[in-house]
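Dear colleague,

Please find below the structure I promised to pass on, followed by some notes on its aromatic pairs.

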Amino acid sequence: MGTNDVWLGHPDETRQLDVGVAPGLAPDGVPPGASGDVAQSAPGYAAPTRRRAAALRSDYRIAEQPGFVLHAYPYRETSLIIDVFTRAHGRLALVAKGAKRPHSALRGVLQTFQPLALSWAGKSEMRTLTKAEWVGGMRPLAGDALLCGFYVNELLVRFCAREDPHTALFDHYLLTLTRLAHDEPAVQVLRSFERVLLRETGYAMSLDRTVTRQNVVAGRSYVFDPERGVCDVEMLEPQADALRGPVIAGQTLLDMERDDYSRAQTVAQSKTLMRFLLNTYLGGTPLATRQILIDLQNL
């Protein structure tokens, strides 16, 4: 099964969903008459006013969106707050009411690394989960692949702003989980994901051209400056303070641009470069899962 076959048709369109809210209230708890429309005294105006109120309420109801749970936090006694990554709406925080109750339909569904069809309601920063269905079609992660999955989830939480859709990144996340589940080399899978993550969130630059628009040469050495891009080491040697990053072979940069990690040198140097870049863009704040993986010599 291809990665895009998990959700046939990608239901990205917003649809009205009958959610469990109190009768007479919109999903955010606002009475229908509070839409700003003043009902006219003539009977003929009542129906249009109700239609406008219904349309307003439906704007706050999203149905069956492809998504994954990135992390879950306890909320009150019986509920959870789940951080989810969706294809059409980006990263969101949803309240899963009653999800911790023993007989809750959500209890066994809200698992990480499993494709879900998510529905929610509300217009505030914290929406209310109304339905979650397991889509299936993916192998579960286990062992080292599971740790790599948590690392990828932490990167998404740290780099993706709330409600900022990244459809290409979502599709690559799905591909990454599939590759990890099929025991592809973790170092190659993670380097590929990191590159797409930085590109889609506005950090990545070309690796096959220098800041002076010269082609990168396989046999030369370079430094990747996080603010400018690829710099030729020989041009920077008189300015030692300009060497802000690790020295990387041109061949490594060309391989990374092609997403080719078949060379041992590329595997080692790309690891060093990506550690440096992620640490720089995160302001020096360490990633908890990265340290675990480093300890296990997976990164």
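Helices (H or I, at least four residues) and strands (E, at least two) are taken as DSSP runs and numbered from the N terminus, and on that basis the chain has 8 helices and 8 strands. This is a predicted model, in which local features need pLDDT of at least 70 and side-chain atom pairs count only at pLDDT 80 or more, while totals for chains, interfaces and linings use all residues. Residues are numbered from 1 along each chain as its sequence is written, and side-chain values use heavy atoms, with hydrogens and water left out.

Rings of Phe, Tyr and Trp (its six-membered ring) pair if their centres lie within 6.5 Å, with planes under 30 degrees apart counted as stacked, over 60 as edge-to-face and the rest as tilted; the whole structure yields 7 aromatic pairs. In one of them, the ring centres of Phe68 and Tyr173 are 5.1 Å apart and the planes stand at 85 degrees, so this pair is edge-to-face. Because Phe68 belongs to strand β1 (residues 61–75) and Tyr173 to helix α3 (residues 167–181), the pair ties together parts that are 105 residues apart in sequence. Both Phe68 and Tyr173 are buried, where buried means under 20% relative accessible area, exposed over 50% and partly exposed in between (1.4 Å probe, protein chains only). Ring pairs also link Phe68, Phe85, Phe170 and Tyr173 into a cluster.

As for the chain overall, 46% of its 299 residues count as buried.

Best regards
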